[in-house]
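Colleague: Could you take me through the ligand site in this one? I'd like a close look at just that part, walls and contacts included.

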Amino acid sequence: MIRTAEAGDGPAIAALEQEAFGSDAWSDALVSEGLAGKVPGALYLVAEDDASPAVVGYAAASLFADVAELQRIAVATGLRRTGIASALLTRVEAEARLRYSEQLLLEVRENNPAALAFYARRGFTEVDRRPRYYADGTTAIVLARRLTDEEDEA
Ligand SMILES: CC(C)(COP(=O)(O)OP(=O)(O)OC[C@H]1O[C@@H](n2cnc3c(N)ncnc32)[C@H](O)[C@@H]1OP(=O)(O)O)[C@@H](O)C(=O)NCCC(=O)NCCS
């Protein structure tokens, strides 16, 4: 089940951040600020396991008019390839359309084949590259997907 994140989801989201992003992880304080509604345009969603109320994935997006940006999406290691990120992304896209966003943008490390395959499957295409974008010198690939097309994946 996908739902809007609440303040109490902070520790679970922070743990998933560590698991998925390591030294690039957002701080607990940053996650808490987003969940507290202190970041304009911020949308935090979590995926709960159907069998238990545990948070097994989350997505964070920045939604303003015209262009929306997916900032984070991550799923617990043992539950990847089960459609959780797809369900999260579908909901992010729906929320962005509600705000009349025409495009969803994101940045991904060029050395992250799982994420690149996931986004390609979801119809994202490369629009830019930012060399040495990350602190360790890795290039960022900027991907975009139009939200005005009617067809969409479930
Ligand atoms: C990228 C990530 C979010 C995908 O989450 P997920 O829940 O496993 O994705 P889904 O199960 O919804 O995958 C949907 C489709 O995307 C593609 N895909 C996803 N992961 C893939 C992988 N490792 N290799 C190849 N294709 C992949 C497949 O087409 C998949 O469909 P299939 O399983 O029927 O073949 C997950 O790997 C993750 O949390 N990675 C660490 C965090 C991260 O890198 N986030 C993105 C930062 S920009």
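Modeller: Sure. A quick definition to start: a pocket here is an open set of grid points with protein on both sides within 12 Å along at least five of seven lines, and its volume is the space filled by probe spheres set on those points. Keep in mind that the model is predicted. On that basis, the largest pocket has a volume of about 1,200 Å³, and the ligand takes up the space of this pocket.

Let's do the walls. The lining of the largest pocket counts 36 residues, with Ile73, Asn112, Ala115, Phe118 and Tyr119 nearest its centre. By class that's 20 nonpolar, ten charged and six polar. H1, S4, H3, S5 and H4 each put in at least two lining residues, and S4 has the largest share with seven.

Now the shell around the ligand itself. It has 21 residues, and the closest are Arg81, Gly83, Ser86, Asn112 and Arg121. Of the shell residues, 13 are nonpolar, four polar and four charged. Helix H1 (10-21), strand S4 (66-75), helix H3 (84-98), strand S5 (101-109) and helix H4 (113-121) each supply at least two of them, but here H4 gives the most, with six.

As for polar contacts, the backbone does some of the work. A backbone N or O atom of Ile73 sits 2.8 Å from a ligand nitrogen. Polar backbone atoms of Arg81 and Ala85 each have a ligand oxygen by them, at 2.7 Å for Arg81 and 3.0 Å for Ala85. Taken alone, the ligand would expose 920 Å², and the protein buries 78% of that.

Notes: Residues numbered from 1 in each chain as written. Predicted model: local features only at pLDDT ≥ 70, side-chain atom pairs only at ≥ 80, totals over all residues. Heavy atoms only, no water. Near = heavy atom within 4 Å. Polar contact = N/O pair within 3.5 Å; in protein donor to acceptor, adjacent residues only side chain to side chain. Areas by Shrake-Rupley, 256 points an atom, 1.4 Å probe, with all protein chains shown as cover. 1 Å grid on protein atoms, 1.4 Å probe; cavity = no way out; pocket = protein on both sides within 12 Å on 5 of 7 lines; lining within 4 Å. Sits in = over half its atoms within 2 Å of the grid points. Helix = DSSP H or I, 4+ residues; strand = E, 2+ residues; numbered from the N terminus. Nonpolar A, V, L, I, M, F, W, Y, C, P; charged D, E, K, R; others polar.
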